[in-house]
Amino acid sequence: MKKIGIFYGSTTGTTEKIANKIAEILNIEDKDVRDVATSSPSDLAAYDLIIIGTSTWGNGALQEDWYDFVDGAEALDLKGKTIALFGCGDVTMSETFCSAVGKLYKDFKETGADFVGAYDTDGYDFKHSEAVVDGKAVGLLLDEVNHPELTDFRLRGWIGEIM
Ligand SMILES: Cc1cc2nc3c(=O)[nH]c(=O)nc-3n(C[C@H](O)[C@H](O)[C@H](O)COP(=O)(O)O)c2cc1C
């Protein structure tokens, strides 16, 4: 069986809450839901499917706990592993909506991992995001600030795609 781990960075708890929701849906044990602030990149080695979540801060910046983690992770060889990305943002920050997801995509591409879970941006209302590559979001983009009512539907559809 494929071993699944979730790695998230979260400042005010929103991305953490979504990570826990994903874990509940997929029956992932608590020990496999990892805050990057207290994890090391070598922990990624234990998993086949790695679900990665970040919120976006500043002007399209990564959630702060990711910086050190990504520095170490970029050098890893994750060939043969699969990564699924998700992010929490605020669609009213219309030029940088969930841009941190795009930043992590670029960083983790260096590892040779495969990606799943690209998501259609129809139904979203933002002008620009680094998370959109070739017309599609590279992962699931959530907005718990303005549209929490859409999260469950989006999340379940996306989980169906990545499994
Ligand atoms: C100062 C500040 C800057 C933010 N910048 C962005 C941004 O550039 N793009 C975006 O999509 N969301 C932005 N957000 C929204 C957060 O990403 C959103 O509130 C998110 O749910 C926080 O998740 P967390 O608690 O897991 O860190 C910003 C929020 C604050 C307070």
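The largest pocket of this predicted model holds about 310 Å³ of space. Its lining is made up of 20 residues, and those closest to the centre of the pocket are Thr56, Trp57, Cys88, Gly89 and Asp90. By residue type, the lining of the largest pocket divides into six nonpolar, twelve polar and two charged residues. Two elements of secondary structure, helix 1 and strand 3, each supply at least two residues of this lining. Strand 3 gives the most, with three residues in the lining of the largest pocket.

It is worth turning next to what occupies this space. The ligand sits in the largest pocket, and 19 residues surround the ligand. The nearest of these are Ser10, Thr12, Thr15, Ser55 and Thr56. Thr56 thus appears both among the residues that come nearest to the ligand and among those closest to the pocket centre. The shell around the ligand divides into six nonpolar, twelve polar and one charged residue. Helix 1, spanning residues 14–26, and strand 3, spanning residues 49–57, each supply at least two residues of this shell. Here, too, strand 3 gives the most, with three residues in the shell around the ligand.

Polar contacts to oxygen atoms of the ligand come from both side chain and backbone. For tryptophan 57, a polar side-chain atom lies 3.1 Å from an oxygen atom of the ligand. Cysteine 88 takes part through its backbone, with a polar backbone atom 3.4 Å from an oxygen atom of the ligand. The backbone of aspartate 90 also contributes, as one of its N or O atoms lies 3.0 Å from an oxygen atom of the ligand. Taken on its own, the ligand has 650 Å² of accessible area, and the protein covers 82% of this. Helpfully for anyone following along in the structure, Trp57, Cys88 and Asp90 are also among the residues closest to the centre of the largest pocket.

A further pocket completes the picture. The second largest pocket contains about 200 Å³ of space. Met1, Lys2, Lys3 and Ile4 line this pocket, together with Leu26, Asn27, Ile28, Glu29, Asp32 and Met163. The lining of the second largest pocket divides into five nonpolar, one polar and four charged residues. For the reader comparing the two sites, the corresponding division in the largest pocket is six nonpolar, twelve polar and two charged.

How values were computed
Residues are numbered from 1 along each chain as its sequence is written. This is a predicted model: local features need pLDDT of at least 70, side-chain atom pairs count only at pLDDT 80 or more; totals for chains, interfaces and linings use all residues. Side-chain values use heavy atoms; hydrogens and water are left out. A residue is near a molecule or strand if one of its heavy atoms lies within 4 Å of it. A polar contact is a pair of N or O atoms within 3.5 Å; within protein, one must be able to donate a hydrogen and the other to accept it, and residues adjacent in sequence count only if both atoms are side-chain atoms. Accessible areas come from the Shrake-Rupley method with a 1.4 Å probe; for residues, only the protein chains shown count as cover. On a 1 Å grid over the protein atoms alone, a cavity is a set of points where a 1.4 Å probe fits but cannot get out, and a pocket is an open set with protein on both sides within 12 Å along at least five of seven lines; lining residues have an atom within 4 Å of a point. A molecule sits in a cavity or pocket if more than half of its atoms lie within 2 Å of its grid points. Helices (H or I, at least four residues) and strands (E, at least two) are DSSP runs, numbered from the N terminus. Ala, Val, Leu, Ile, Met, Phe, Trp, Tyr, Cys and Pro count as nonpolar, Asp, Glu, Lys and Arg as charged, and the others, Gly among them, as polar. Grid points are joined across faces, edges and corners, and a volume is the space filled by probe spheres set on the points.
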